[in-house]
Each structure stands twice: as structure tokens, then as C-alpha cells.
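User: I'd like to learn how to read a few features in a protein model, one at a time. Could we go through them together, with the general idea and then the case at hand?

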Amino acid sequence: MNLILLGPPGAGKGTQAKVLQESRGLKQLSTGDMLRTAIAAGSEIGLKAKVIMDRGDLVSDEVILDVVAERMGKPDIKAGVVFDGFPRTPAQAQALDKMLAARGQKVDAVIEMKVEDEVLISRISGRYTCAKCGKGYHDSFAKPARPGICDACGSTEFTRRADDNEKTVRDRLNVYNKQTAPLVSYYTSRGNLRSVDGMADINHVTDAIGHILDGVQR
Ligand code: AP5
């Protein structure tokens, strides 16, 4: 099964993609994570992408499609993919359709995660992760049990994404509304878009997505 999680920054795409990877054996394909890996590696793509990501704009379709095509060529992807943060433009959506068709596959479901803007800003502005194991925390909603110490691995080092500040989040939301929201009608016209209430708590969102996927014909 190939599933797209569609939603603005902070809607919970990454959170739910990880759950689906565990529960349904789908591979999470996060273009944001792939770009951050390229930045950490100091590659040419990473250096160019960093400037764009830090100001909340979209990296070019050309770069994204190269990165996705390379990832889709790996054997571990065969059982199906949960796309997290991709596609983000109509050109990316059309290219994905072609990429899947060439493999005799298609997009089986698109789930739009709806969350109000002010909630998104509050979720993202307070988000940070353990620098060692990657466990996620939040300044208000999900603090470590012992202040400054990761619950999972005991590390005392934490990181924040450079684009997780209120100004950039507002810019990212504007970019989403202009460049990515048109995908709602793109997938509605193909009959495979469903929506969930991304304001519900994480387990409820997981259940709602599971319910939709149980009814999807492959
Ligand atoms: P990317 O990394 O994809 O970021 P994003 O789409 O802005 O999404 P986030 O990762 O911020 O949020 P999320 O929806 O995954 O939410 P999460 O689960 O983490 O992209 C970053 C940048 O890379 C882009 O701006 C762009 O520059 C570039 N890029 C990436 N892909 C691209 C593409 N295809 N084309 C062009 N450029 C691209 O949750 C957020 C927080 O909320 C967490 O703290 C979480 O614990 C919490 N939370 C989640 N669900 C709930 C809930 N139900 N209730 C309460 N809290 C919740």
C-alpha cells in the first residue's frame, strides 16, 4: 500500500508515519528527514537545502524528485510506503503518480490531517528532540520526567530544528496554503482523499487513520 499523509507543518504526519511503519510494515519516506540527513552530512544538496528550509520555503521540485526517486529504488520500499511531507506541489504529485505507475503501483490513499493554525504554531514552537536517540519532547505538553534528562536514553543533550520558531512556522504555513493545499482538490478529484481530525489526541488520530486504511481496497 502507498499512503500519503497530507497536512500542514505540525499536523502530526511524522508522528503517525512512525506508528504506521511499526504497525503496518510501511516504510516512512520523509523528505524533510532526508534533507536534514543531507544537511548533517554536509553534502551539496544539504548545503543548498539548508538555506531554503531555514526560511520556510520549499526546496525545488527537481531536487526533491531526485532524492525520492533514489529512495524508491531501494529494495526495502517494496512492501509499501507512507509518504510524510511529500508530495508538496502539484508537480511532485504528478511525478509520484508516474513513478508508481512505472512500478505497476498507485497512490492507494491520501489522508489529510486537519489542525487549526494556532495549535500548529504552539505544537511546533515548543518541539525539541533528544540529540542522541531522537525521542521527541515539547516545552509544555511533553516534558521529560526528570528535567533536562531524556526519558528513553538518559542523554542530557537536546536539539531544536532551525525552522521550528514562530516566525518560520508562520512562513511555512503560508507556503503550505499556497503551494501544497491545492493537492486536496488534486486527490479529491481522483477519489482517494479522506480527512481526519488532527486536533484529536495522538491515539485517536491513529485509530481514525487505521479505520480508513482497513477500508481501503488495494
Ligand atoms: P518537514 O520535515 O516535512 O516538516 P513539516 O511538513 O513542516 O512537518 P513537521 O515535521 O514540522 O510536522 P509533522 O506534520 O510531521 O508533525 P509532527 O508529527 O512532527 O519539512 C521541513 C522543510 O523541508 C520544509 O519546510 C521544506 O523546506 C523542506 N521540504 C521537505 N519536504 C519537501 C518537499 N516535498 N518539497 C519541497 N521542500 C520540502 O508533530 C509536531 C508536534 O506535535 C510534535 O511535538 C508532536 O509530538 C506533536 N503532535 C503530533 N500529533 C499530535 C496530536 N494529535 N496532539 C497533540 N500533539 C501532537
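User: Let's start with accessibility. Is F158 buried, exposed or partly exposed?

Analyst: Keep in mind that this is a predicted model. Buried means under 20% relative accessible area, and exposed means over 50%. F158 has 25% relative accessibility, so it counts as partly exposed. Y128, at 12%, counts as buried.

User: How do the rings of Y128 and F158 sit relative to each other?

Analyst: For ring pairs, look at the distance between centres and then the angle between planes; over 60 degrees counts as edge-to-face. Here the centres of Y128 and F158 are 5.5 Å apart and the planes are at 80°, so the pair is edge-to-face. Y128 belongs to strand β5 and F158 to strand β7, so the contact ties together parts that are 30 residues apart in sequence.

User: How many aromatic pairs does the whole structure have, and which residues form a cluster?

Analyst: The search finds five aromatic pairs. Y128, Y137 and F158 are linked into a cluster by ring pairs. Another pair is Y186 with Y187: their ring centres are 4.9 Å apart and their planes at 85°, so this one is edge-to-face too. Both Y186 and Y187 are buried.

User: Now the strands. What is the strand order in the open sheet of three strands?

Analyst: The general idea is that strands of a sheet pair through backbone hydrogen bonds, either parallel or antiparallel. In this sheet the order is β6-β5-β7, and the pairing is antiparallel. β6 (136–138) and β7 (158–159) are the edge strands, each pairing on one side only. Between β5 (residues 127–130) and β7 there are two bridges, in the antiparallel sense. F158 turns up again here, as the bridge partner of C130.

User: What about β1: which strands does it pair with, and in which sense?

Analyst: β1 pairs in the parallel sense with strand β3 (residues 81–84), over four bridges. Four bridges also join β1 to strand β4 (residues 109–114), and these two run parallel as well. For individual contacts, L3 has V82 in β3 as its bridge partner, while L6 stands opposite E112 in β4.

User: Which residues of β1 point one way, and which the other?

Analyst: When you read a strand, check its two faces separately. N2, I4 and L6 point one way, L3 and L5 point the other way, and all are buried. With five of its five residues buried, β1 is largely enclosed by the rest of the structure.

User: On to empty space. How many cavities of 30 Å³ or more are there, and what lines the largest cavity?

Analyst: A cavity is a space where the probe fits but cannot get out, whereas a pocket is open. This structure holds one cavity of 30 Å³ or more, with about 50 Å³ of space in it. Its lining is L5, L6, G7, K13, G85, F86, P87, R88, Y176 and T180. β1 (2–6) and α7 (166–180) are the elements that give two or more residues to that lining. By class, the lining divides into five nonpolar, three polar and two charged residues.

User: And the second largest pocket: how much space lies in it, and which element gives the largest share of its lining?

Analyst: The second largest pocket has about 180 Å³ of space. Its lining consists of M34, T37, A38, I45, D66, V67, E70, R71 and K74. Both α2 (31–41) and α4 (61–72) supply at least two of these residues, and α4 gives the largest share, with four. The class split is four nonpolar, one polar and four charged.

User: Last topic: disulfides. How many are there by the distance rule, and why is C150 not bonded to C133?

Analyst: In general, a disulfide is a covalent bond between the sulfur atoms of two cysteines. The rule asks for sulfur atoms within 2.5 Å, and the count here comes to zero. C133 is in no disulfide, and its nearest cysteine sulfur is that of C150, 3.7 Å away. C150 stays unbonded because that 3.7 Å to the sulfur in C133, the closest one, is too far for a bond.

User: Are C133 and C150 buried or partly exposed?

Analyst: C133 is partly exposed, with a relative accessible area of 39%. C150 counts as buried, at 1% relative accessibility.

Methods:
Residues are numbered from 1 along each chain as its sequence is written. This is a predicted model: local features need pLDDT of at least 70, side-chain atom pairs count only at pLDDT 80 or more; totals for chains, interfaces and linings use all residues. Side-chain values use heavy atoms; hydrogens and water are left out. Two strands pair if DSSP finds at least two bridges between them. On a 1 Å grid over the protein atoms alone, a cavity is a set of points where a 1.4 Å probe fits but cannot get out, and a pocket is an open set with protein on both sides within 12 Å along at least five of seven lines; lining residues have an atom within 4 Å of a point. Grid points are joined across faces, edges and corners, and a volume is the space filled by probe spheres set on the points. Ala, Val, Leu, Ile, Met, Phe, Trp, Tyr, Cys and Pro count as nonpolar, Asp, Glu, Lys and Arg as charged, and the others, Gly among them, as polar. Buried means under 20% relative accessible area, exposed over 50%, partly exposed in between (1.4 Å probe, protein chains only). Rings of Phe, Tyr and Trp (its six-membered ring) pair if their centres lie within 6.5 Å; planes under 30 degrees apart count as stacked, over 60 as edge-to-face and the rest as tilted.
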